[in-house]
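Grab a coffee and open the viewer: here are a few exercises to work through. Try each one yourself before you read the solution.

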Amino acid sequence: MNKIYLIISILFVYCGYSQSQSEKSLKQGQYTNPIFAGDYPDPSLLKDGKDYYVVHSSFDYYPGLLIWHSTDLMNWEPVTNALQKYVGAVWAPDLIKYNNKYYIYFPANNTNFVVTADSINGPWSEPIDLKIGNIDPGHIADDKGNRFLYFSNGGYVALSKDGLSVTSELKHVYDGWKIPREWSIECFCMEGPKLFKRGEYYYLTVAEGGTAGPATSHMVISARSKSPLGPWENSPHNPVLRTNNSSETWWSKGHSTIFEDANGKWWMIFHGYEKDYYNLGRQTLLQPVEWTKDGWYKISDNTQTDKPIAKPQGKTLPEFSLSDNFEGSALKPQWKFYNGIESSRFKVANNTLTIEGKGDGVGNSSPLVIVPGGHSYTAEVELEMEGDAVGGLVLFYDNKYYSGILADQNNILANLRGWQFPTEKNTHNRKVFLRLKNIKNTVDMFYSIDGKDWKKIENSVEVSGYNHNVLSGFLGLRIGLCSIGKGSVKFRNFVYKTL
């Protein structure tokens with residue numbers, strides 16, 4: 001009997017080893033979603049030769065419209081911010097290339113704008129007001145060079161040849177796809193029109209169902225026409241993509257761009273909320289699509305959003321890191337100021353970021369933020385307070401909702417959902433290190449005098465409720481550096497690590 005147990009044990013170990021090796025080999029040719037972890041909603045993708053560029057909604061975080069570059073659709077690096085001037089909260093943009101010129105159309109402040117550049121790296125123009133309402137512009141040009149802009153209401157306007165002005169009244173031509181009344185959705189809410197041409201057909205892709213709310217709300221809807229102006233025929237495969245129930249990993253999947261990669265394979269890039277991590281915001285996801293014999297695209301058979309998927313081909317870029325030692329004389333493009341950028345307020349020199357104090361609390365200090373992407377991570381930074389300034393390292397949703405750890409000239413302060421108080425007194429003399437440790441939405445906070453020996457304060461915070469379904473705003477929780485009050489704060493060696 002003992003021999004039988006021994007043989008079974010050996011076989012178990014051997015088979016287990018063989019399976020893990022097989023899985024390891026398989027994973028080398030696969031990826032799992034998301035491709036942008038964290039708050040990266042409303043992706044618009046442009047394929048330019050063998051290069052891919054993506055831009056997302058940037059809301060009130062400036063500089064806005066951060067453009068990302070990839071050569072394999074998996075690894076991305078920030079290129080530049082296309083929008084410097086504050087024009088309000090920037091929603092779903094459309095990045096396109098036409099006649100060797102780059103354009104980004106986007107809505108903000110109850111109108112729509114366009115910025116242009118001769119190179120994707122910039123410089124990008126000042127925003128031009130198209131002086132037309134609605135949201136989520138989507139550009140298309142016909143074979144004769146006539147240009148049009150669609151909006152979320154199913155209407156379009158004609159554009160001038162240079163794409164910089166509207167030349168017609170809005171005409172409604174598409175009513176969307178009727179959602180069954182028994183489905184659990186937030187609202188009909190058609191949005192995010194994206195258009196392309198393949199063969200004799202123009203394809204219109206929209207989102208319906210509401211971008212948040214129930215897990216089953218958002219969905220991808222497709223229609224086609226032999227004219228860019230309709231009439232539009234709805235796909236027999238609608239909804240092309242949808243979260244079917246709340247047991248799935250990815251909720252409210254929608255807002256899709258359909259594109260062909262450099263190797264002739266077709267893909268869908270879209271966004272979704274992650275179950276149990278709604279506060280990360282809408283993350284960018286990627287999934288292959290296939291074409292039917294009668295000319296419709298649909299989700300590839302045997303492909304699921306939350307399962308491993310075969311990687312696209314392409315040259316891999318170096319891994320991008322959020323950590324920053326503030327080299328050079330300019331901020332890296334991934335950093336954003338909340339509610340507009342004031343260039344006179346900060347400077348980067350000698351591996352130090354200096355930010356002048358503003359406001360009398362976290363909410364009105366216009367913190368400098370960055371997007372985290374993990375379920376668990378640490379973020380730490382060295383601070384030096386000058387004058388009467390208070391410095392901080394916080395998790396920031398918007399100017400009303402935030403929590404974190406701060407320091408004045410001598411004391412450590414805790415901020416729990418806006419309730420701020422001294423928690424460790426007389427700990428330092430204007431210089432201190434602060435750390436946040438987020439383990440699946442439970443956040444512990446630490447300080448150190450030398451950056452080596454860390455002391456946890458007694459206060460911790462639970463942050464899963466910082467999300468749109470609770471607070472509205474369509475935002476995600478970001479890591480923020482604060483400089484508050486009269487004086488300034490010097491920040492050095494920001495370190496971000498996933499756990």
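**Exercise 1.** Find out which residues L353 touches, leaving out those up to four places away in sequence.

*Solution.* Keep in mind that you're looking at a predicted model. Start at L353 and list its contacts: F326, L331, F346, K347, V348, L368, L481, V489, K490 and F491. Next, put L353 in its setting: the largest nonpolar core has 58 residues, and L353, L393, I479, L481, F491 and F494 are the ones that touch the most other members. Apart from that core lies another one of 20 residues, including L83, I104, F106 and F113.

**Exercise 2.** Check what UniProt lists for residues 323–496, and work out how far apart the ends of that span lie.

*Solution.* First the record: an unreviewed UniProt entry gives residues 323–496 as "domain: Beta-xylosidase C-terminal Concanavalin A-like". Then the geometry: the end C-alpha atoms of the span are 5 Å apart. As for its make-up, 53% is strand and 2% is helix.

**Exercise 3.** Trace the strand order of the open sheet of eight strands, and name its edge strands.

*Solution.* Walk across the sheet and you get β4-β25-β28-β37-β30-β31-β32-β33, with antiparallel pairing. At the edges sit β4 (61–62) and β33 (419–424), each pairing on one side only. Now zoom in on one pair: β28 (residues 368–370) and β37 (residues 478–484) are antiparallel and share three bridges. Within that pair, V369 stands opposite G480 of β37.

**Exercise 4.** Is strand β13 (residues 155–159) enclosed or open to the outside? Explain with burial, using under 20% relative accessible area as the cut-off.

*Solution.* Count first: five of the five residues of β13 are buried, so the strand is largely enclosed by the rest of the structure. Then sort them by face. In a regular strand, side chains alternate between the two faces of the sheet. Here G155, V157 and L159 are buried on one side, and Y156 and A158 are buried on the other.

Next, look at the neighbours. β12 (residues 147–150) runs antiparallel to β13 and is joined to it by four bridges, with Y150 as the bridge partner of Y156. The hairpin of β12 and β13 has four residues between the strands, and G154 there takes a positive phi near 85°. β14 (residues 171–172) is also antiparallel to β13, through two bridges; in β14, K171 is the partner of Y156.

**Exercise 5.** How does the radius of gyration of the chain compare with the globule rule?

*Solution.* The chain has two helices and 38 strands. Its radius of gyration is 24 Å, close to the 23 Å the rule gives for 499 residues, so the chain is as compact as a globular protein of that length. For burial, 59% of the 499 residues count as buried.

Definitions and conventions:
Residues are numbered from 1 along each chain as its sequence is written. This is a predicted model: local features need pLDDT of at least 70, side-chain atom pairs count only at pLDDT 80 or more; totals for chains, interfaces and linings use all residues. Side-chain values use heavy atoms; hydrogens and water are left out. Two strands pair if DSSP finds at least two bridges between them. A nonpolar core is a set of buried Ala, Val, Leu, Ile, Met, Phe, Trp, Tyr and Cys residues joined through side-chain atoms within 4.5 Å. Buried means under 20% relative accessible area, exposed over 50%, partly exposed in between (1.4 Å probe, protein chains only). Contact means heavy atoms within 4.5 Å. UniProt positions are given in the numbering used here, feature names are shortened, and annotations may be inferred rather than shown by experiment. The radius of gyration is taken over C-alpha atoms; the globule rule is 2.2 Å times the number of residues to the power 0.38.
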